[in-house]
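Student: Please give me a close reading of how the helices pack in this model, and then follow the surrounding parts that bear on the fold.

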Amino acid sequence: MYIIGIAGGSGSGKTSVVKKIIKCFPNESVCVLSQDAYYKDNGILTQAEREQINFDHPNSIEFSLLNKHIHDLKTGKAIEMPIYSYITCSRQKETIPIVPGKVVIVEGILIFTDSALCDMLDLKVFVDTEADERLIRIIQRDVNERGRGLDKSIRHYEKFVKPMHQTFIEPSKKYADIIIPEGGHNAKGIDILISKIKWMLQEA
């Protein structure tokens, strides 16, 4: 099994990179774990308290469960990946069954901040996109998918996203084996990454 970590700032284009990788491999050979599925359950909080959750701090992630699931997959065990709702800030009753594949992709903004997780990654990729472009994508996502208005989205970015990016995410770039500028728009960078994965699988 080959385990790949794909990190980068919020709105950097990580998901686009993952989708393009998946297209190049048979469905049963690649499975994807999203860091976002492992946010701690905060469903008991009031709406006002939920609005103060810092989703961009490592403490917001239940890394112990994520790491256990990666270990389980590595040892051939299927897992039940949580489903997290940004609207309620809680985990849903339903889960997503994940079976081990030849390639496991772990994707998320904070995955390089956890040393135990980093130690399990065979290849670490950082998707590097300019702050202005990321901000546009963040606002679009917040408004369309997370129930935030424009003003709340901008305030959230200024209070949480930007300072946490500077404190935790940008410094974690030093752990990357490969850096892909501009995310899904960088066709050559993604092609090199896909070729690297194919080569490693052939060698395994």
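Tutor: H1 and H7 are oblique to each other, because their axes cross at roughly 50° and the word oblique covers whatever is left once angles under 35 degrees are called roughly parallel, over 145 roughly antiparallel and 65 to 115 roughly perpendicular. The two axes come within 10 Å; axes here are lines fitted to C-alpha atoms, for helices over the stretch in contact, with angles running from 0 to 180 degrees between N-to-C directions. Before going further, note that this is a predicted model, in which local features need pLDDT of at least 70 and side-chain atom pairs count only at pLDDT 80 or more, while totals for chains, interfaces and linings use all residues. Residues are numbered from 1 along each chain as its sequence is written, and side-chain values use heavy atoms, with hydrogens and water left out.

H1 covers residues 14-22, and H7 covers 187-203; helices are DSSP runs of H or I with at least four residues, strands are E runs with at least two, and numbering starts at the N terminus. The crossing of H1 and H7 is right-handed, meaning that the near helix is turned clockwise from the far one by less than a right angle (anticlockwise would be left-handed). From H1, the residues Val17, Lys20 and Ile21 meet Ile190, Leu193, Ile194 and Ile197 of H7, where contact requires heavy atoms within 4.5 Å. By class, this contact holds six nonpolar residues, no polar ones and one charged; Ala, Val, Leu, Ile, Met, Phe, Trp, Tyr, Cys and Pro count as nonpolar, Asp, Glu, Lys and Arg as charged, and the others, Gly among them, as polar.

A second helix pair is formed by H5 (residues 131-145) and H6 (residues 150-169), which pack at an angle of about 135° with axes 10 Å apart. H5 is therefore oblique to H6. The crossing of H5 over H6 is right-handed. On the H5 side the contact is made by Ala131, Arg134, Leu135, Ile138, Ile139, Asp142 and Val143, and on the H6 side by Leu150, Ser153, Ile154, Tyr157, Val161 and His165. This contact of H5 with H6 divides into nine nonpolar, two polar and two charged residues.

The nonpolar interior comes next. The largest nonpolar core has 34 residues, and Leu33, Tyr38, Leu66, Ile70, Val106, Phe112 and Leu117 are the members that touch the most others; such a core is a set of buried Ala, Val, Leu, Ile, Met, Phe, Trp, Tyr and Cys residues joined through side-chain atoms within 4.5 Å. S1 (2-8), S2 (30-34), H3 (63-74), S3 (79-85), S5 (103-107) and H4 (115-120) each supply at least two residues of this core, and H3 gives the largest share, five residues. Apart from it lies another core of 18 residues, including Val30, Val127, Ile180 and Ile197. Ile197 is also among the H7 residues that meet H1.

Around S2, several residues can be placed individually. Cys31 belongs to S2 and is buried, with a relative accessible area of 6%; buried means under 20% relative accessible area, exposed over 50%, and partly exposed in between (1.4 Å probe, protein chains only). Beyond residues up to four places away in sequence, Cys31 touches Leu73, Ile98, Val99, Gly101, Val103, Val104 and Ile105. Glu28, in the loop between H1 and S2, counts as exposed at 62% relative accessibility. Outside its neighbours within four places in sequence, Glu28 is in contact with Pro100 and Gly101. The C-alpha atoms of Glu28 and Val99, 71 residues apart along the chain, are separated by 8.4 Å.

On the other side of S2 in sequence, Asp41 is found in the loop between S2 and H2 (47-50) and is partly exposed, at 44%. Leaving out residues up to four places away, Asp41 touches Cys89, Ser90 and Arg91. Cys89 lies in the loop between S3 and S4 (90-98) and counts as buried at 3% relative accessibility. Cys89 has a positive phi of about 60° although it is not a glycine. Glu182 likewise has a positive phi, near 65°; Glu182 is in the loop between S7 (178-181) and H7, and its 33% relative accessibility makes it partly exposed.
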